[in-house]
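Let's take a walk through this one, starting with a single residue and then moving on to the aromatic rings and the chain as a whole.

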Amino acid sequence: MNAKTISLGCLGLLCVGLLVVMFPIGLRQYRVQNQLQAIASAGDPISLSELGDRTPVSVWPMADKVDARSEIMEVIEPAERLYKKLQPYLISDAAADLHRPLSAQNEVLFEDAFQKYPEVLPALRDASHCQRYAWPSPLAPSGVMPPDQYIQVLLKEVSRLRMVGRLMLCGSRFLAAKGKVDESAMLCVDLIRLTGLQETGPTVVVYQTNVAIRQSAINQLNAILQTQPLDPGTHAEIEKVLAEHESSDAFVHALKTERAYGIASIESMGMMIRTISGELQDYLSAMKTQIDFGKMPTCDLPNTRGPPLGALSQIAMTAVDACRNSFERDRIRCRCLRILNAIRTHELTGEDVTPDQLDLPPKAMEDPYSGDLLKIEIVRKDSNPTGSVAKASSEGWSIHSVGPNPFKSAGNQQNSKDLGLGP
């Protein structure tokens, strides 16, 4: 065997080796391009530049006061000062205990704060009646922001939204303490409406922030409905805003925009790392599965997660799982509140409440964990525990899901308190 033959043999082996290495990479790239093309063909974003509102508010073809963000920004300075003034209450345990009446000290604090900044709450309520919320775009004069820079912009935005939510809830508590329960409830309705506008924002971080804000409003409405009679018009507005939220596709929107952010983040790693690791193909496949599940009830979701994922995709799916849990909790508690509102609307007092009495769509009463009716029970306690004759009195309604680990009674609800409402 001469040197020429050996050289040709080595060259052939090298070509075979390169083919063995490059063929899977090429095939992977081909599949990724097909996946991206399918996403784009469906009209969904595949790049960071497609997120946020790219059209300037000034050219929106709508009437005045269409942008909730602009309305909020007009009073952002007094709102921040009001928030700072309310800090003694906001950092106290009283802020979390909605079933306990507001203390005299906090009433004085609220009275002074809202009198000093009277323009804030009306402006925030006006914002909730706008048509859109103009989320910041990642487009900058220098081009598209890097993913890490854009997420910082979004985090600053959601921090402002948390402040707005807490101010509106403080206003609601103050109105309730003054006996203005219908006005208090309507302020919560406006807050829920505002979170609906804000859910056009991108990524699961934005979505989960809105869920947290909305759940605070639901907690406040639950505290009111458990004990206070409301006007029929107030009940109707509560039902209307909850019904509108039930039909929202915000969760799926959050997943689709999160996917665009994830694509940009993986692409920012560099071509060599991205190509060799195959993370983008894994990520796109995993996200497609999650989006296809959409708003499917938990009881209908498959038990298997699919093929193993790369390290980055596993981290991303952890965030998506947390977002899905937030969505499920939000869906369940909104439905629970609709049921409680219907009970109070129809002035039901019986032990056994039937779906026909509630006059709600079947889906609005369904437990996503079981596919059955959400659990509805009257909670009673001894009204005279120390006396010789104990009398039982109705204390309110417990409405809850069976949860991931089904339970039968309200007593077991302490194992899953965040999946229902109670007195």
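## A buried asparagine

Leaving aside residues up to four places away in sequence, Asn210 touches Thr195, Gln198 and Glu199. This is a predicted model, by the way, so keep that in mind throughout. Asn210 itself is found in helix 9, which covers residues 203–227.

Is Asn210 buried or exposed? Its relative accessibility comes out at 0%, and buried means under 20%, so Asn210 counts as buried.

## Phe114 and Phe174

Now for the rings. The structure holds seven aromatic pairs. One of them is Phe114 with Phe174, a stacked pair with 5.8 Å centre to centre and 25° between the planes. Stacked is the word here because planes under 30 degrees apart count as stacked.

Where do these two rings come from in the chain? Phe114 is in helix 5 (residues 104–116) and Phe174 is in helix 7 (residues 147–177), so to speak two distant parts of the chain, 60 residues apart, linked by the pair. Phe114 and Phe174 are both buried.

Phe114 and Phe174 also have company: together with Tyr89 and Phe110 they form one aromatic cluster.

## Phe251 and Phe327

Another pair to look at is Phe251 with Phe327. These rings are stacked too, with 4.4 Å centre to centre and 5° between the planes. Here again the pair links distant parts of the chain: Phe251 belongs to helix 11 (residues 250–267), Phe327 to helix 14 (residues 311–345), and 76 residues separate them.

Why do both rings count as buried? The cut-off is under 20% relative accessible area. Phe251 counts as buried because its relative accessibility is 1%, and Phe327 is buried because its relative accessible area is 6%.

## The chain as a whole

Stepping back, the secondary structure of the protein chain comes to 15 helices and five strands. The chain has 423 residues, and 45% of them count as buried.

How do the contacts spread along the sequence? Take the contacts between residues at least 6 apart in sequence: 74% of them join residues at least 24 apart. As for the surface, the protein chain exposes about 21,400 Å², and carbon and sulfur atoms supply 55% of that area.

Notes. Residues are numbered from 1 along each chain as its sequence is written. This is a predicted model: local features need pLDDT of at least 70, side-chain atom pairs count only at pLDDT 80 or more; totals for chains, interfaces and linings use all residues. Side-chain values use heavy atoms; hydrogens and water are left out. Rings of Phe, Tyr and Trp (its six-membered ring) pair if their centres lie within 6.5 Å; planes under 30 degrees apart count as stacked, over 60 as edge-to-face and the rest as tilted. Helices (H or I, at least four residues) and strands (E, at least two) are DSSP runs, numbered from the N terminus. Buried means under 20% relative accessible area, exposed over 50%, partly exposed in between (1.4 Å probe, protein chains only). Contact means heavy atoms within 4.5 Å. Accessible areas come from the Shrake-Rupley method with a 1.4 Å probe; for residues, only the protein chains shown count as cover.
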